[in-house]
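Here are a few notes to help you find your way around this one. Have the sequence and the 3D view open as you read.

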Amino acid sequence: MAEGVLSPGVNLEAFSQAIAAIQALRSSVTRVFDCLKDGMRNKETLEGREKGFVAAFQESLHSVSRDLGELERLSNLVGKPSENHPLHNSGLLSLDPVQDKTPLYSQLLQAYKWSNKLQYHAGLASGLLNQQSLKRSANQMGVSAKRRPKAQPTTLVLPPQYVDDVINRIDRMFPEMSIQLSRPNGTSAMLLVTLGKVLKVIVVMRSLFIDRTIVKGYNENVYTEDGKVTDHATTALLHYQLPQMPDVVVRSFMTWLRSYIKLFQAPCQRCGKFLQDGLPPTWRDFRTLEAFHDTCRQ
């Protein structure tokens, strides 16, 4: 039983014969070199010595070829040993005589490898996300890195008064931006953000979390089809994600939105043009807030 456990999936009889075939092959190879070493001996004439040497050498080579072919045949009968993994008693599954019909052990090994690989990549992804979580909005906010944010409520539903205070503070931060807060459907807030004479933005909030945003021109109908800036604002919402500090997320988004105050005055930082296909630079970089045309930012 011990031999079976040490060599699961191996034909032990063929394995033993293969060892004997290896020994025979080594002997045949040794005879070839002995033949070459001895050369032409024990013959009276030169012609007789040459013929004897050629005959002996050919016989030695035939023996090597025969023993090598036998070893290759036996190696195919030995079978492939099962891989050695620390799966405890599951190794006994490989002793199943109907392995081809119920390949439980091979499937278990495959699942074990996949699980290890998944755990490894998940660890890498977690490390990268933790490194980037606090970098997305700190640089352009003007917030000192030494100043720790105040502890925020951890529940998803925050008190309406707390949400009002956060919005009022943000409104006072940006004189060129006005924010009107209303609650048409109970506790959820809706913000109407007016950015100078350039844009009007509707921000739908769920507690202090931004749920959706719609960006329109100052004199544009709110009910028309959404355009490029709305798409960019939706992308910004996905970028500024920090569930532990939702007020930082709102302030980061409003700072990014405020950069559109010069929508028609700032040239594209890549091509240097104010218009491309009749459109101004509608993209704003999330870190530097620089202006780019949608095609120039790629």
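1. Let's begin in a loop. D277 sits in the loop between α7 and β5 (283–284). Keep in mind that this is a predicted model. The phi of D277 is positive, near 55°, and the residue is not a glycine. Is D277 buried or exposed? It counts as exposed, because its relative accessibility is 75%.

2. Now compare another loop, the one between β3 and β4, where you'll find S207. S207 isn't a glycine either, yet its phi is positive, about 60°. With 14% relative accessibility, S207 counts as buried.

3. A positive phi also turns up right after α2: G39 follows that helix, and its phi is near 70°.

4. While you're there, take a look at α2 itself. The helix covers residues 12–38, 27 residues in total. From first C-alpha to last it reaches 39 Å, close to the 39 Å expected at 1.5 Å a residue. Which of its residues are buried? They are A14, A18, A21, L25, S28, V32 and C35. It helps to remember that an α-helix has 3.6 residues a turn, so residues three or four places apart point the same way.

5. Next, the largest nonpolar core, which has 41 residues. The members that touch the most others are V193, V203, M205, F253, M254 and W256. Several elements supply at least two residues each: the helices α5 (160–173), α6 (228–239) and α7 (246–258), and the strands β1 (177–185), β2 (188–195), β3 (199–206) and β4 (209–217). Which element gives the largest share? That is α7, with seven residues.

6. There is also a second, separate core of nine residues, and A14, L25, V32 and V78 are among them. Three of these names should look familiar from point 4: A14, L25 and V32 are buried residues of α2.

7. For a closer look at the larger core, try V203. Setting aside neighbours within four places in sequence, V203 is in contact with A189, M190, L191, V193, I210, R212, T213, F253 and M254.

8. Finally, the cysteines. How many disulfides are there? The count is zero. C296 shows why: its closest cysteine sulfur, in C268, is 3.8 Å away, which is too far for a bond, since the cut-off is 2.5 Å. C296 is buried, at 8% relative accessible area, and C35 counts as buried too, at 11% relative accessibility.

Methods
Residues are numbered from 1 along each chain as its sequence is written. This is a predicted model: local features need pLDDT of at least 70, side-chain atom pairs count only at pLDDT 80 or more; totals for chains, interfaces and linings use all residues. Side-chain values use heavy atoms; hydrogens and water are left out. Buried means under 20% relative accessible area, exposed over 50%, partly exposed in between (1.4 Å probe, protein chains only). A nonpolar core is a set of buried Ala, Val, Leu, Ile, Met, Phe, Trp, Tyr and Cys residues joined through side-chain atoms within 4.5 Å. Helices (H or I, at least four residues) and strands (E, at least two) are DSSP runs, numbered from the N terminus. Contact means heavy atoms within 4.5 Å. The expected span of a helix is 1.5 Å times one less than its number of residues.
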